[in-house]
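Colleague: I'd like a close look at one part of this protein, namely the largest nonpolar core and what sits around it. Could you walk me through that in one go?

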Amino acid sequence: MGAGDGAAEQSRLAAERVQRLKRQLDQAERATKPCDAGAVGERLVADRLGLLIPHGWYLLNDVRWPGRPKAILDHVLVGPGGVVVVDAKNWTGEVSVAAGVLWQGRFARTQSVDGALAQCAAVASVLAPPHRRFVRPLICLTGQPDFFGITNSDVAVAGADRVVAAVLALPPVLDQRTVVGLYAHLGEQLTQESVAESPAVNSLTVKPLTVKSPTVKPPTVTSPTVEPAGGGPPVAGPPRSGQTGGRSGPRQPAYRTRRGARSGTGSGGSGRARKSKAQHDAASGMTRLMFLAAFVVFAVYVLPYWGR
């Protein structure tokens, strides 16, 4: 192969390398374009929603999704019409709502509608029960600015140019004081550090566990019976603490203070214990003596004749 053939081969390899690099660059551009378009669409929606502030509405942008640490809510509105969770979409092509179903071209966007409802439920979970019914979802389309429709699940779909009018058309359900309180509460709940907890658990109030100490009853102390020095019947001592005298409650037996009178205590009980131990020692000694006598008989009378 001559020098000309070698140069042609190198040129062919270089051209293939350039084409391969160009294809990789095109793929990278296509991969980053939807993200950039989505970010531009979110900024456009945020600018439109900012027009609601003079009408008593408050706006939260890019807040966390309760119960999903890595998910983000695009926009949350709080105002006289309630709480509106806005999901911004930058779809291309024709969008329509037919028979209560949201369509993008030939594809039904039921997952997007379900996602908007899930966002609405997550925000409602961090509110008090009386205010949860005032949370509603809304899908805002940046590529179809003049569109408006409502799905069969009551999810409003509005274009960027009609979203302000759609929010202002909501009937007033909250006063100004409640609006400010909900805005402060949601600002705290949706902007704090993300934690992995369920929305259902988030809506519950957990009471601390109360451990009750065991109740210890004081021992029952009976009044001792003292015998008079000159004989006669025993006389009961003073009543116990908390007892008013007389016969209030069951009568407790009186224990005599005479020595050895209690069953199993005193010198009588100790004497019986010592007697039982002595009998046990005597039996053990007798057993050892019998074994010793048997060994002596075996050694004297049997062992000498064992090997014969």
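Modeller: Here is a walk through the core, then its surroundings, then the surface.

Bear in mind that this is a predicted model. For orientation, the protein has six helices and 11 strands, and buried residues make up 25% of its 308 residues. Of the contacts between residues at least 6 apart in sequence, 56% join residues at least 24 apart.

Now the core itself. The largest nonpolar core has 22 residues, and the ones touching the most other members are Val 76, Val 83, Val 123, Val 135 and Leu 186. Five elements each supply at least two residues of this core: strand 1 (58-65), strand 2 (68-79), strand 3 (82-89), helix 2 (110-125) and helix 4 (176-191). There is also a second, separate core of 17 residues, with Val 45, Leu 52, Trp 57 and Leu 59 among them.

Let's start with Val 76, which sits in strand 2. Val 76 has a relative accessible area of 0%, so it counts as buried. Setting aside neighbours within four places in sequence, Val 76 is in contact with Tyr 58, Leu 59, Leu 60, Val 63, Val 83, Val 84, Leu 186 and Leu 190. Leu 59 in that list is the residue I just named in the second core. As for Val 135, its C-alpha atom is 9.9 Å from that of Val 76, with the two positions 59 residues apart along the chain.

From the other side of that contact, take Leu 186. Not counting residues up to four places away in sequence, Leu 186 touches Leu 60, Val 76, Val 78, Val 83, Val 123, Val 126, Leu 127 and Thr 191. So which of the residues that touch the most other core members turn up there? Among them are Val 76, Val 83 and Val 123.

Strand 2 also holds a charged residue, Asp 74. With 9% relative accessibility, Asp 74 counts as buried. Beyond its neighbours within four places in sequence, Asp 74 is in contact with Glu 42, Leu 60, Asn 61, Asp 62, Val 86, Asp 87 and Ala 88. Leu 60 is thus a contact of Asp 74, of Val 76 and of Leu 186. Asp 87 deserves a second glance: its C-alpha atom and that of Asp 74 are separated by 5.7 Å, although the two are 13 residues apart along the chain. Asp 87 is buried as well, at 8% relative accessibility.

That brings us to charge pairing. Side chains of opposite charge can pair when their charged atoms come close. A search of the whole structure turns up two salt bridges. Asp 87 is in one of them, with Lys 89 as its partner and 3.4 Å between the closest N and O atoms. The other joins the side chains of Arg 48 and Asp 161, at 3.2 Å from N to O. Arg 48 belongs to helix 1 (residues 3-49) and Asp 161 to the loop between strand 9 (156-159) and helix 3 (163-168), so this pair ties together parts that are 113 residues apart in sequence. Both ends are partly exposed, Arg 48 at 26% relative accessibility and Asp 161 at 43%.

Lys 89 leads on to helix 2, by way of Ser 112, which lies in that helix. Ser 112 is in contact with Lys 89, Trp 91 and Ile 139, leaving aside neighbours within four places in sequence. At 14% relative accessibility, Ser 112 counts as buried.

A word on the cysteines. Cys 120 is buried at 9% relative accessibility, and Cys 140 is buried too, with a relative accessible area of 0%. A disulfide is a covalent bond between the sulfur atoms of two cysteines. The search of the whole structure finds zero of those.

Finally, the outside, for contrast with the core. The protein exposes about 21,400 Å², of which carbon and sulfur atoms supply 58%. One nonpolar surface patch covers about 650 Å² and is made by Met 286, Leu 289, Met 290, Leu 292, Phe 295 and Val 296. Val 296 lies in helix 6 (residues 266-302) and, at 44% relative accessibility, counts as partly exposed. Set that beside Val 76, a valine that is buried at 0%.

Note on methods:
Residues are numbered from 1 along each chain as its sequence is written. This is a predicted model: local features need pLDDT of at least 70, side-chain atom pairs count only at pLDDT 80 or more; totals for chains, interfaces and linings use all residues. Side-chain values use heavy atoms; hydrogens and water are left out. Patches are made of residues with over 30% relative accessible area and no salt bridge: like charges are joined within 9 Å, nonpolar side chains (Val, Leu, Ile, Met, Phe, Trp, Tyr) within 5 Å. Accessible areas come from the Shrake-Rupley method with a 1.4 Å probe; for residues, only the protein chains shown count as cover. A salt bridge is a side-chain nitrogen of Lys or Arg within 4 Å of a carboxyl oxygen of Asp or Glu. Helices (H or I, at least four residues) and strands (E, at least two) are DSSP runs, numbered from the N terminus. Buried means under 20% relative accessible area, exposed over 50%, partly exposed in between (1.4 Å probe, protein chains only). A nonpolar core is a set of buried Ala, Val, Leu, Ile, Met, Phe, Trp, Tyr and Cys residues joined through side-chain atoms within 4.5 Å. Contact means heavy atoms within 4.5 Å. A disulfide is a pair of cysteine sulfur atoms within 2.5 Å.
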